[in-house]
Amino acid sequence: MNTVKANTQDRMEKTIRALGDEFNTIRTGRASTSLFDRVMVEYYGTPTPLNQVANISVPEARLIVVQPFDKNSLSDIERAILTSDLGLNPNNDGKVIRINIPPLTEERRKDLVKQAKNIAENSRVSLRNIRRDGNDAVKKGDFPEDEQKKSIDEIQKITDDFVKQVNDLLSEKEKEIMEI
């Protein structure tokens, strides 16, 4: 019985971590290296994460500098950033790529908030699916009815706590996106 609850809680924690990682890839008005976590560069014919072919730094609040380990990959990195869904314009000076993070328009901010809400809703759905799996495991187990009811109630409390975490992370991200 306890292993079912522990497994359920562990899976829910992974969902929260995945949500945090996904929120990090949503662009706000500030420069952040995590924006490039999902940018893949065609490096010698192999899609490679940007952070494995270049050093990414944030020298100023609205500037990101990408310094490739191999100067020959500059144009590939520039192309990968341009084709990503980040909407950024890299400036290639032959040695490094500088990316100015423009302030977001009100319309773009609202789109990003909508995107964040969709991501949060997907996480809530995942949590409910995990809850259902935990409840099913409890019901299939050979436990007395009162223990089953107690475990199902505990799984619901765990789920409620994680849904609250999702909501808290979402409101934090909304605040971050909407600040000017």
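**Strands, a tyrosine pair and a pocket**

The structure holds 1 aromatic pair (ring centres of Phe, Tyr or Trp, the last by its six-membered ring, within 6.5 Å). Its members are tyrosine 43 and tyrosine 44, set edge-to-face with 4.8 Å centre to centre and 75° between the planes; planes over 60 degrees apart count as edge-to-face, under 30 as stacked and the rest as tilted. This is a predicted model, where local features need pLDDT of at least 70 and side-chain atom pairs count only at pLDDT 80 or more, while totals for chains, interfaces and linings use all residues. Residues are numbered from 1 along each chain as its sequence is written, and side-chain values use heavy atoms, with hydrogens and water left out.

How exposed are the two tyrosines? Tyrosine 43 is partly exposed because its relative accessibility is 24%, and tyrosine 44 counts as exposed because its relative accessible area is 63%. On this scale, buried is under 20% relative accessible area, exposed is over 50% and partly exposed is in between (1.4 Å probe, protein chains only). Tyrosine 44 sits in the loop between E1 and strand E2 (46-49), and it has a positive phi of about 50° although it is not a glycine. Strands (E, at least two residues) and helices (H or I, at least four) are DSSP runs, numbered from the N terminus.

Tyrosine 43 turns up again next to serine 73: leaving aside neighbours within four places in sequence, serine 73 is in contact (heavy atoms within 4.5 Å) with Tyr43 and Pro68. Serine 73 belongs to the loop between E4 and H2, and it counts as buried because its relative accessibility is 1%. In helix H2 (residues 74-83), the buried residues are Leu74, Asp76, Ile77, Glu78, Ala80 and Ile81. Their cover includes strand E1 (40-43), strand E3 (54-60), E4, E5 and E6.

Strand E6 (residues 97-100) has side chains that alternate: Ile97 and Ile99 point to one face and are buried, whereas Arg98 and Asn100 point to the other and are not. Strand E4 (residues 63-68) runs antiparallel to E6 and is joined to it by 4 bridges; strands pair if DSSP finds at least two bridges between them. Within that pairing, valine 66 has isoleucine 97 as its bridge partner. E6 also pairs with strand E5 (residues 90-92), again in the antiparallel sense, over 3 bridges, and here proline 90 stands opposite isoleucine 99. The hairpin of E5 and E6 has 4 residues between the strands, and glycine 94 takes a positive phi near 95° in it.

As for open space, the largest pocket holds about 210 Å³. A pocket, on a 1 Å grid over the protein atoms alone, is an open set of points with protein on both sides within 12 Å along at least five of seven lines, and lining residues have an atom within 4 Å of a point. The lining numbers 14 residues, with Thr25, Leu35, Arg38, Asp85 and Leu86 nearest the centre of the pocket. Of the lining residues, 7 are nonpolar, 3 polar and 4 charged. Helix H3 (residues 106-140) gives the largest share of this lining, 3 residues.

Finally, glutamine 148 is part of helix H4 (residues 145-178) and counts as buried because its relative accessibility is 17%. Glutamine 148 and alanine 116 are 32 residues apart in sequence and 36 Å apart in space, C-alpha to C-alpha.

Definitions and conventions
1 Å grid on protein atoms, 1.4 Å probe; cavity = no way out; pocket = protein on both sides within 12 Å on 5 of 7 lines; lining within 4 Å. Points joined across faces, edges and corners; volume = space filled by probe spheres on them. Nonpolar A, V, L, I, M, F, W, Y, C, P; charged D, E, K, R; others polar.
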